[in-house]
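Work through the exercises below with the sequence and the model in view. Try each task before reading its solution.

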Amino acid sequence: LLGVCRRRMQNMPTYRQGRTYRHGKSEGGVCALLVIGALLVGVPVAVVVAEAAHRGRVVALEGMLSGGVEVLTPSTRDGAVVHVQSREISSMARDEAFGVRALGAVNLRRECEYCQWQEIRSEECERCSRTVTARDGSSSTETYRCNCRTRFSYLKGWRSHRIPSLLFDQAASHHNPQRDPYPSTSLPTEAHLRTTTGVEVVAGPAVLARTRARWRTLEWSLGGGGRTARTRRESPQALADARQTRAYRRDGFVYAGGGYFFSPHARTAAETLLKGFFQYLEGSLFDWQLGDLVPSCTPGDIRVRYQVQDPKRLSILATLRRAPGRLELVPDAIVHAGLREPDAMIALEAAESRKTVAVARAFLALWALAFAVLVGAALGIDVTTSLLAHGLAAAASLAAVLALVWAALWDPGPALALAVLVSVAAAAAVSHLAEPAQAPPGLNAVYCKLARWADAPPHWRVESSYRHAPYKEDPHADPAHTKRFQ
């Protein structure tokens with residue numbers, strides 16, 4: 001049985017070639033426009049959420065320190081912010097569904113992987129030109145993708161998530177069963193800590209779920225009991241009751257080695273008949289390929305492994321609660337592996353919060369590149385004619401959005417003033433560097449720009465005009481520097 005499970009659990013992917021379609025041109029539609037619109041709206045919203053979370057974290061850290069941090073003693077008052085350091089941790093993380101137990105661990109993470117087909121769609125097109133007409137009768141020439149070929153291929157392997165196959169081009173031949181009896185989850189436990197000052201305190205699962213510590217893969221092998229930086233090994237005796245667990249009795253999970261519990265997919269007779277019938281309808285019933293001979297998993301197979309956090313020492317900053325018969329820590333806590341001082345713990349938390357918000361701001365910078373083009377279209381200028389103008393326009397957009405967010409969340413300060421200054425200066429520079437747009441300014445120009453990005457057909461995006469903006473001669477301008485537009 002273990003040999004069959006190991007063969008079914010092969011990591012080698014399986015590749016199959018699907019069908020190829022030829023069509024005249026590639027054009028987007030409503031879905032592409034919706035996706036672009038969602039990105040234009042979603043990125044600033046995500047930045048606001050990240051900035052608000054960062055501010056909330058900073059305020060919480062400042063509030064934790066404002067009343068002072070006390071070293072935990074038997075006489076510490078209820079509701080005080082305490083600093084706990086412990087070298088003695090009594091805990092047992094467990095998952096009763098699989099009979100998995102990890103002595104001394106504060107957190108156990110179940111990671112489920114699914115054998116699934118993934119559809120890969122590739123498109124190859126040539127570039128053709130066409131003439132498009134505006135509302136005033138003016139015309140322009142643009143390029144578009146034509147003489148396209150769309151190829152479908154399929155790759156089978158282990159995924160961290162399930163993939164719906166209903167909309168695949170060949171859904172019957174590459175059907176993905178969606179069973180998920182034991183999804184991925186974290187299973188923190190309760191720990192009894194004896195502090196360096198000799199006080200016993202209880203940290204509940206909600207406290208230990210916030211632990212910053214190394215994750216180790218849990219394995220069971222002969223001579224177990226040791227651990228490395230990435231792996232913790234246990235004796236196979238720890239799985240002596242594995243055949244009595246719910247995972248084995250209901251879904252056939254067995255330990256197959258390498259840290260994995262494996263459950264093969266058992267296809268019913270009705271499922272086999274339906275699969276063959278729909279393969280016949282889609283013309284793939286006799287589509288045999290070399291990839292079918294590669295030993296690999298079967299769609300619907302599931303494997304599960306575990307990660308543990310088992311630090312030997314813990315440092316905690318939390319509010320103390322005096323419960324009947326014991327001392328407890330309130331869930332809103334800071335938990336780090338090792339023996340750390342409060343200042344070091346606060347500094348690390350603040351640094352991690354800044355990293356998170358920095359990633360959000362980086363995405364906002366990419367968003368600003370597109371938003372600046374739309375603002376330019378609305379104002380009747382083309383910022384893409386100059387790399388410097390485009391960069392400055394994006395900087396102005398980025399600084400303006402950040403200034404609004406900071407003004408709403410933070411007290412006005414030097415950072416806000418600098419953002420406003422950068423936005424105004426960049427906008428002023430763009431007004432001198434950018435060229436007039438080919439189309440008149442307005443909301444229609446913005447919509448047509450979005451539709452062009454979505455590769456929508458010409459009749460969806462009729463410009464007001466394709467004539468260049470008129471240029472008014474300045475009698476005082478130097479003729480050598482005069483710009484002329486058609």
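The exercises go from the whole chain to its pockets, then to one helix and two single residues.

This is a predicted model, in which local features need pLDDT of at least 70, side-chain atom pairs count only at pLDDT 80 or more, and totals for chains, interfaces and linings use all residues. Residues are numbered from 1 along each chain as its sequence is written, and side-chain values use heavy atoms, with hydrogens and water left out.

**Exercise 1. The whole chain**

Task: Describe the make-up and the extent of the chain.

Solution.
- Step 1: The chain holds 9 helices and 20 strands. These are DSSP runs, numbered from the N terminus: helices are H or I with at least four residues, strands are E with at least two.
- Step 2: The C-alpha trace spans about 90 × 70 × 35 Å along its principal axes.
- Step 3: The radius of gyration of the chain is 31 Å, whereas a compact globule of 486 residues would have one near 23 Å. The radius is taken over C-alpha atoms, and the globule rule is 2.2 Å times the number of residues to the power 0.38.
- Step 4: Of the 486 residues, 40% are buried. Buried means under 20% relative accessible area, exposed over 50%, and partly exposed in between (1.4 Å probe, protein chains only).
- Step 5: Among contacts with a separation of 6 or more, 72% join residues 24 or more positions apart. A contact means heavy atoms within 4.5 Å.

**Exercise 2. Two pockets**

Task: Which residues lie closest to the centre of the largest pocket, and what divides the lining of the second largest pocket into classes?

Solution.
- Step 1: Fix the term. On a 1 Å grid over the protein atoms alone, a pocket is an open set of points where a 1.4 Å probe fits, with protein on both sides within 12 Å along at least five of seven lines; lining residues have an atom within 4 Å of a point. Grid points are joined across faces, edges and corners, and a volume is the space filled by probe spheres set on the points.
- Step 2: The largest pocket has about 440 Å³ of space. Its lining has 22 residues, and Trp 117, Ser 173, Arg 267, Lys 275 and Asp 292 are the closest to its centre.
- Step 3: Strand 1 (14-25) and helix 5 (269-282) each give two or more residues to this lining; the largest share, 3 residues, is from helix 5.
- Step 4: The second largest pocket has a volume of about 340 Å³. Its 21 lining residues include Gln 438, Ala 439, Lys 449, Arg 452 and Glu 463, which lie nearest its centre.
- Step 5: This second lining divides into 11 nonpolar, 4 polar and 6 charged residues. Ala, Val, Leu, Ile, Met, Phe, Trp, Tyr, Cys and Pro count as nonpolar, Asp, Glu, Lys and Arg as charged, and the others, Gly among them, as polar.

**Exercise 3. Helix 9**

Task: Find what the buried residues of helix 9 pack against.

Solution.
- Step 1: Ala 445, Val 446, Cys 448, Leu 450 and Ala 451 are buried in helix 9.
- Step 2: The buried residues of this helix pack against helix 2 (30-66) and helix 6.
- Step 3: After helix 9 comes Asp 455, with a positive phi near 60 degrees.

**Exercise 4. Two residues**

Task: Are Cys 148 and Leu 433 buried or partly exposed?

Solution.
- Step 1: Cys 148, in strand 6, has a relative accessible area of 1% and is therefore buried.
- Step 2: Leu 433, in helix 8, has 33% relative accessibility, so Leu 433 counts as partly exposed.
- Step 3: Beyond its neighbours within four places in sequence, Leu 433 contacts Leu 388, Ala 389 and Leu 392.
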